[in-house]
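Me: Got a minute to go through a structure with me? Here it comes.

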Amino acid sequence: MRAIVISANGGPEVLEYVERPDPEPGEGEVVVDVAASGVNYIDVYHRSGAYPLELPRTIGSEGAGVVSAVGAGVRDVAVGDTVAWASVLGSYAEKAVVPAGRVVPVPEGVSAELAAAVMLQGMTAHYLTHSTYAVREGDDVLVHAAAGGMGQLLTQLAKLRGANVYGTVSTPEKEKLAREAGADEVLRYDDFAEALSGRMHVVYDGVGATTFDGGLKALRPRGLMALYGAASGPVPPLDPQVLSQNGSLFLTRPTLVHHIAEREELLQRASDLFEWIRTGRLRVNVSARYPLAEAARAHEDLTSRRTTGKLLLIP
Ligand SMILES: NC(=O)c1ccc[n+]([C@@H]2O[C@H](COP(=O)([O-])OP(=O)(O)OC[C@H]3O[C@@H](n4cnc5c(N)ncnc54)[C@H](OP(=O)(O)O)[C@@H]3O)[C@@H](O)[C@H]2O)c1
């Protein structure tokens, strides 16, 4: 099989398209013929070394496809099942080995491609809007990078829960996409803090360094800052007093793995997403598909701010 392997950390050029032996499932594992794998910022962090991995390694943290082999002790998954997963490494490949306890069944009416597109960012948007801060009817919610992969999903889920959604974007084209996702008001990064000053119940910030301080200003007293990413770079160390000065704010830095660690929680979040897709309440905007061999181009596009919505690699 073919796979994208990194043997050293660095830029997109370290993503090598190589031949690998077909994998065999170990005990409790399944092998999946990958229909699509999602491209995510975490793949960039694995590639660059910001999140260190033992090398060489096949990267990629999200995918979907059809099970082609099951290992000993696997009972709930069978050859021929269409399944999807997130937060398991090795999906930038024609075949992926995934623990059976980490795959979810993909229902009729949801394609493997859409399932691959929604697992990681979708379940993240789910826990952010349902668990980290359970958005309520009438809440004022700020979503940074509202035209991005996370941003379009967060905007839609916050709207489903009845919020007023404010989004930030960098260009008029992205503004249009944020509005199509449901944002009520779309702002630019240089004036959102002043425009929203002290009004937001929650800020969802995956941009980080350049937006964090403004987000604290945009929050109302006792509002919550969910800093879930760092597309513009990490937020520097912080004096907790800042939270008091800006109105007794709450700050959290959540991550997906802690919200799908229990199998029941994984299944619930994934099945909610699939149901919303099947019933037309959630639109997953797959904006670009790249052949697996061109993973480097996908990474370049994602980090240079050229993309919107979801990027997929197709083996
Ligand atoms: N914590 C978790 O559980 C979790 C899970 C999934 C993703 N994430 C995080 O979510 C964030 C978004 O991920 P995504 O895959 O959906 O990406 P994305 O939002 O599609 O792409 C990043 C966007 O951030 C904006 N941005 C602002 N300043 C930027 C800069 N200096 N460099 C690059 N982009 C900049 C850009 O939109 P504009 O041009 O409109 O500004 C860009 O399109 C990432 O930080 C990722 O790590 C976290």
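Me: Where does the ligand sit?
Reply: In the largest pocket. A pocket here is an open set of points on a 1 Å grid over the protein atoms alone, where a 1.4 Å probe fits, with protein on both sides within 12 Å along at least five of seven lines; sitting in one takes more than half of the ligand's atoms within 2 Å of its grid points. Mind that this is a predicted model: local features need pLDDT of at least 70, side-chain atom pairs 80 or more, while totals for chains, interfaces and linings use all residues. Numbering starts from 1 along each chain as its sequence is written, and side-chain values use heavy atoms, without hydrogens or water.

Me: Which residues come nearest?
Reply: Tyr127, Met150, Ser170, Lys174 and Tyr189, out of 28 around the ligand (a heavy atom within 4 Å).

Me: And what does Lys174 do there?
Reply: An N or O atom of the Lys174 side chain is 2.7 Å from a ligand oxygen. Backbone polar atoms join in too: one of Gly206 is 2.8 Å from a ligand oxygen, and one of Leu256 is 2.9 Å from a ligand oxygen.

Me: Which helix gives the largest share of the shell?
Reply: α2, with 4 residues. α1 (41-48), α2 (112-132) and α3 (149-160) each supply at least two (helices are DSSP H or I runs of at least four residues, strands E runs of at least two, numbered from the N terminus).

Me: Switching topic: what order do the sheet's strands take?
Reply: β11-β10-β9-β12-β13-β14, 6 parallel strands in an open sheet (pairing needs at least two DSSP bridges). β11 (185-187) and β14 (250-252) are at the edges with a single partner each, so one side of each has no neighbour in the sheet.

Key. Polar contact = N/O pair within 3.5 Å; in protein donor to acceptor, adjacent residues only side chain to side chain. 1 Å grid on protein atoms, 1.4 Å probe; cavity = no way out; pocket = protein on both sides within 12 Å on 5 of 7 lines; lining within 4 Å.
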